[in-house]
Amino acid sequence: MASSKPVPCGPCREEKVNTKADIWCNNCDEGLCSTCLGHHKRIKSSRNHKTINIENYTSHKPLSGLFKAECDAHSQQFNLYCPSHLTPCCDECISTSHSKCTGITSLASVVEKTKIEKSQESVEKDINSISHFLDKLINNKSGNLKRGEQQYESIKQSVSKIRNKINIKLDRLEEKLCKEADTVWGREKSKLTSLITEIEDRTKQLKEMQDDLKTVTNHTSKLQSFLGVHLIEQKVHLFQRYVEDIEDSESDCDIDIKIKQNDETDKILKELQSIISFGDVTVIKIEKSLKKKTSVSMEAQIQLQEQSNIQNMTMNIETRIQIDTMKKISDMICLMDGRFIIVELDGNVNLLTSDGKLEKQLLAIPGEAWSVTQINKNTIAITYPGEGAIKIFNIKTETVTKIITFDRACSGLSYSSDSLVVGLGTDEIRIIDLEGNTLKLMQVGSKSFLTRLVYCNERVIYTDNVGKAVYCVDESGKQIWQYK
């Protein structure tokens with residue numbers, strides 16, 4: 001956005017004259033009127049300064065303000081460059097903050113040797129790469145959010161299904177018990193009803209006998225009264241026996257309809273009392289290897305000298321570490337945090353500190369290991385030739401998270417760009433994803449087992465111990481070079 005405020009001429013302002021600037025000098029970091037511009041171009045020290053039209057400066061002024069040619073701490077012009085800290089410095093900075101730094105050089109010479117176009121292209125590539133990574137991360141997290149919503153709904157549905165199953169079982173048990181109670185009560189109710197009807201009939205007969213007894217004694221002769229009372233007395237004896245039979249039988253008992261609770265039901269009820277939840281809702285964090293590919297890695301954007309030819313390179317030992325093992329080693333890697341993973345020839349896998357001390361033996365990985373590679377901060381992958389398997393292991397939780405199997409022995413192993421490369425037997429190199437799906441196959445002609453290989457920049461370098469050679473092939477298996 002262009003600035004509406006006019007830019008004053010710097011030299012004129014020093015003379016207490018208010019003049020509008022027509023030109024901006026990037027080197028002097030101030031505006032110039034047309035008159036002062038003429039003086040500026042005639043002076044030897046400033047005639048080659050880069051100037052731009054004042055309209056262009058005001059339209060990009062917010063961006064230009066980010067790049068200061070002056071040290072904020074000491075108010076001096078930057079004139080030196082520290083390659084150790086990758087930063088421009090003033091004279092005061094060197095004495096106060098960079099006294100122990102080596103390779104201090106002139107900022108002007110660094111700027112002169114810098115290939116701006118190449119640096120711009122590299123930085124732009126990195127910006128695009130980072131943007132692509134962040135877009136990929138957004139898509140990943142959006143997918144994770146959607147998957148989480150589905151899992152949340154699935155949890156609610158699973159709880160509902162459990163409850164429905166319990167309800168269905170209880171409904172069936174209730175129906176069965178009610179039917180049984182109906183049958184039992186119907187039978188007992190029928191017995192009681194029949195007994196009551198029978199007793200009511202007997203009571204009615206007794207009433208009639210009582211009336212007959214009064215009639216016989218009051219309205220008949222003595223003989224007739226004797227015979228009548230005798231007959232009624234015999235009937236009473238029958239009724240007396242009937243009552244005694246009732247007293248001696250179950251008919252005299254009252255009945256109660258009750259439920260005898262199943263012992264298993266009591267046990268289930270007690271267990272239900274102890275259950276405080278259907279289950280625990282947990283969050284499982286799965287590490288994703290979303291690697292961004294950038295060329296900037298805390299390195300100087302400048303090249304003060306031409307790259308050395310590989311034939312002229314020499315290796316120097318920077319650090320020598322005595323490690324805690326007396327056994328032969330089949331493979332080892334340095335982890336991202338500086339620690340070491342050592343695979344001993346007998347198959348043991350050891351985690352060492354950055355100074356070579358044994359931190360722990362990874363006993364949670366059974367079997368005889370051979371080769372190891374790191375996938376991310378807490379995850380490694382190890383081959384087990386005897387089992388024909390790769391085991392992916394989380395160092396932090398000390399658990400095997402996945403096992404990838406093959407139909408034959410696998411030995412050499414390397415990781416790059418979200419893929420594993422594994423050597424199978426003597427003639428096949430296979431590129432797989434972290435789920436074990438085959439991405440590419442390469443047929444090679446090694447005389448020995450493919451026990452040592454490295455995967456980088458879409459190429460695989462492997463050794464042939466028997467053939468005493470090192471080969472480099474692309475992902476199609478085409479040989480790039482060999483060294484014997």
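How do strand β9 and strand β10 pair, and over how many bridges? In this predicted model, β9 and β10, the latter spanning residues 358-361, run in the antiparallel sense and are joined over 3 bridges. Within that pairing, Asn 350 stands opposite Gln 361 of β10. The two strands form a hairpin with 5 residues between them, where Gly 356 takes a positive phi near 90°.

Allow me to turn to the other neighbour of β9. Strand β8, residues 340-344, also pairs with β9 in the antiparallel sense, here over 4 bridges. Ile 341 faces Leu 351 of β9 across this pairing. Again there is a hairpin: 4 residues separate β8 from β9, and Gly 347 in the turn has a positive phi of about 100°.

Are the residues on the two faces of β9 buried or exposed? On one side, Val 349 and Leu 351 are buried; on the other, Asn 350 and Leu 352 are buried as well, and thus both faces of this strand, residues 349-352, are covered.

I now place this in the context of the whole chain. The secondary structure amounts to 9 helices and 22 strands. The radius of gyration is 50 Å, whereas a compact globule of 484 residues would have one near 23 Å. Along the principal axes, the C-alpha atoms fill a box of roughly 175 × 80 × 40 Å. Of the 484 residues, 26% count as buried. The accessible surface comes to about 35300 Å², with 52% of that area belonging to carbon and sulfur atoms. Finally, as to charge, the chain carries 66 positive and 68 negative charges, whose mean positions lie 8 Å apart.

How values were computed
Residues are numbered from 1 along each chain as its sequence is written. This is a predicted model: local features need pLDDT of at least 70, side-chain atom pairs count only at pLDDT 80 or more; totals for chains, interfaces and linings use all residues. Side-chain values use heavy atoms; hydrogens and water are left out. Buried means under 20% relative accessible area, exposed over 50%, partly exposed in between (1.4 Å probe, protein chains only). Two strands pair if DSSP finds at least two bridges between them. The radius of gyration is taken over C-alpha atoms; the globule rule is 2.2 Å times the number of residues to the power 0.38. Accessible areas come from the Shrake-Rupley method with a 1.4 Å probe; for residues, only the protein chains shown count as cover. Lys and Arg count as positive and Asp and Glu as negative; His and the chain ends are not counted. The place of a charge is taken as NZ of Lys, CZ of Arg, CG of Asp or CD of Glu.
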